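Visitor: Hi, I'm new here. Could you walk me through this one?
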Protein chains: 2
Amino acid sequence: MNKYTNKLDHFISQLNTDTQQDIMALPKQMVYEKGDFLLKEGTICKKSFVLESGIIRKFYLNEGKEITTEFYFKDDIALSFKSYISQEPSNEYLQVLEKTVVMVTDYDDVLKLQKTHPELIELELLFMQQYVIWLDERLFHFHTLDAKQKYQLLLNKTPHIIQNIPLNYIASYLGVSPETISRIRASK
Amino acid sequence: MNKYTNKLDHFISQLNTDTQQDIMALPKQMVYEKGDFLLKEGTICKKSFVLESGIIRKFYLNEGKEITTEFYFKDDIALSFKSYISQEPSNEYLQVLEKTVVMVTDYDDVLKLQKTHPELIELELLFMQQYVIWLDERLFHFHTLDAKQKYQLLLNKTPHIIQNIPLNYIASYLGVSPETISRIRASK
DNA sequence: TTAATTAATTGACATAGGTCAAGTATCAAT
DNA sequence: ATTGATACTTGACCTATGTCAATTAATTAA
């Protein structure tokens, strides 16, 4: 189960076969090991990464501390949004948390393909829309939930995050301290 | 100074004149009074509102309390995102805070125009992108700033919000209590 | 396997910010 | 201008969650 790409697959499946093949021709498979960076602060995010397996996390630095903003699993699309669309240096990092296989696509190649197949702009639009909905929901949770509720939501909705990711990353993702998460766990 | 429509204007200005005229033909001017609702929970958001003057706020209800999520001023585009793109019932309200003049465009009309002018899909894409950047930044602030820092940011970046909007809406927008805002004001 | 790191838990304490209640100021309507 | 309603401020108190430090558990590397 992936985060927000179902609609994209559906859209692609309705394109004509030639266009589909052109899209499929772009990505190259790459394998990364735990700790590898796919993107670092100050670098322009020129590629998107669709995960075949493994885990990636996105984070930025704030006053020397890492703030985790997103986790990516199978079929998710990892990229630093603002840098990707503006093609300006990123303030985010993308780091591999365990051996990960990705399909890498160059944004330049996507733009070229959009020139010859304008209908692909709609694909990018769909992706944006899904991402906005996800962001909107996340903001809603920051606005209305306390530490325990946020943790339990994660536990219910995305247990694979809880099971596979170190507690201090989860804490930072939820905007609470690791100690608080630890106490929530102990309290039931 | 508006929130995120500069790039859209620029894009439109580069279209051919006929297309520009077709776009300009869609919106109808409407005037609303203080307290009027442009959208209520349970209703599908079928229209977008570009403000000519006045103020609109967006909010949802959580456990009986209004949570304000956005303010709109001149040249901003007010709509309930998720409902607008999915055409499903909204969980948000759009309410006019003072006499407001808007240009209203039907989403159906936009979709029709996109059929005959596919290049307009890119316009929608640009809008999404701007909105993602705005949301992303807002989430960043919820993640890293305390009450005082959030208030001061608002004071510096968007003083027109502080000056024109009741304190309890501002408090809710920042995710803190009205009392806290009041104390921050008193402390300097 | 053992040692060395790193991650997670737990306790003691501090504090930002919430809640509730009272009081004051501001605004709107007659 | 007077009343009533609404918005804002202030004080007292409370609670969730942060910080720091010590301890234990789990990984990793040799």
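Visitor: How many residue pairs are in polar contact between chain A and chain B?
Guide: Four residue pairs are in polar contact between chain A and chain B, with both residues at pLDDT 80 or more. A polar contact is a pair of N or O atoms within 3.5 Å; within protein, one must be able to donate a hydrogen and the other to accept it, and residues adjacent in sequence count only if both atoms are side-chain atoms.
Visitor: Why the pLDDT, and how is everything labelled?
Guide: This is a predicted model, where local features need pLDDT of at least 70, side-chain atom pairs count only at pLDDT 80 or more, and totals for chains, interfaces and linings use all residues. Residues are numbered from 1 along each chain as its sequence is written, chains are lettered from A and ligands numbered from 1 in the order in which they are written, and side-chain values use heavy atoms, leaving out hydrogens and water.
Visitor: Back to the two chains. Which element gives the largest share of the side of chain A that touches chain B?
Guide: That is H5(A), with 18 residues. The elements giving two or more residues to that side are strand S3 (47–62), strand S4 (65–72), helix H3 (81–86), helix H5 (120–144) and helix H8 (167–174) of chain A. Helices (H or I, at least four residues) and strands (E, at least two) are DSSP runs, numbered from the N terminus.
Visitor: What kinds of residues are on that side of chain A?
Guide: They divide into 15 nonpolar, seven polar and six charged. Here Ala, Val, Leu, Ile, Met, Phe, Trp, Tyr, Cys and Pro count as nonpolar, Asp, Glu, Lys and Arg as charged, and the others, Gly among them, as polar.
Visitor: How many residues does each chain bring to the contact?
Guide: Chain A gives 28 residues and chain B gives 28 residues, where contact means heavy atoms within 4.5 Å.
Visitor: And what area do chain A and chain B bury between them?
Guide: About 2800 Å², with 73% of it on carbon and sulfur atoms. A:Val132, A:Leu139 and A:His143 supply 23% of the area that chain A buries against chain B, more than any other three residues. Buried area is the accessible area (1.4 Å probe) that two parts lose on being put together, summed over both.
Visitor: How many salt bridges are there across the interface of chain A and chain B?
Guide: The rule finds two. A:Glu137 and B:Lys82 meet through their side chains in a salt bridge, 3.9 Å from N to O. The rule asks for a side-chain nitrogen of Lys or Arg within 4 Å of a carboxyl oxygen of Asp or Glu. Over all chains, the structure holds 16 salt bridges.
Visitor: How do the two copies sit relative to each other?
Guide: A turn of 180° and a shift of 0.0 Å along the axis lay chain A on chain B with an RMSD of 0.0 Å. That is the relation of a two-fold axis. The copies are superposed by least squares on the C-alpha atoms of residues with pLDDT of at least 70 in both.
Visitor: Which residue of chain A comes closest to the rotation axis?
Guide: A:Leu125, at 2.5 Å by its C-alpha. Also, 100% of the interface residues of chain A are interface residues in chain B too, so the copies meet through the same surface.
Visitor: Now the DNA. How many residues surround DNA strand D?
Guide: There are 17, and the closest are A:Ala147, A:Thr180, B:Leu167, B:Ser182 and B:Arg183. Near means that a residue has a heavy atom within 4 Å of the strand. H9(B) gives the largest share of that surface, five residues.
Visitor: What touches the phosphates there?
Guide: An N or O atom in the side chain of A:Thr180 is 2.5 Å from a phosphate oxygen of DNA strand D. For the side chain of B:Ser182, an N or O atom is 2.8 Å from a phosphate oxygen of that strand. A:Ala147 uses a polar backbone atom, 2.9 Å from a phosphate oxygen of DNA strand D.
Visitor: And how many residues surround DNA strand C?
Guide: There are 16, with A:Ser182, A:Arg183, B:Ala147, B:Ser177 and B:Thr180 the closest. A base nitrogen of DNA strand C is 2.6 Å from an N or O atom in the side chain of A:Arg183, and one is 3.2 Å from an N or O atom in the side chain of B:Glu179. The largest share of this surface comes from H9(A), with five residues.
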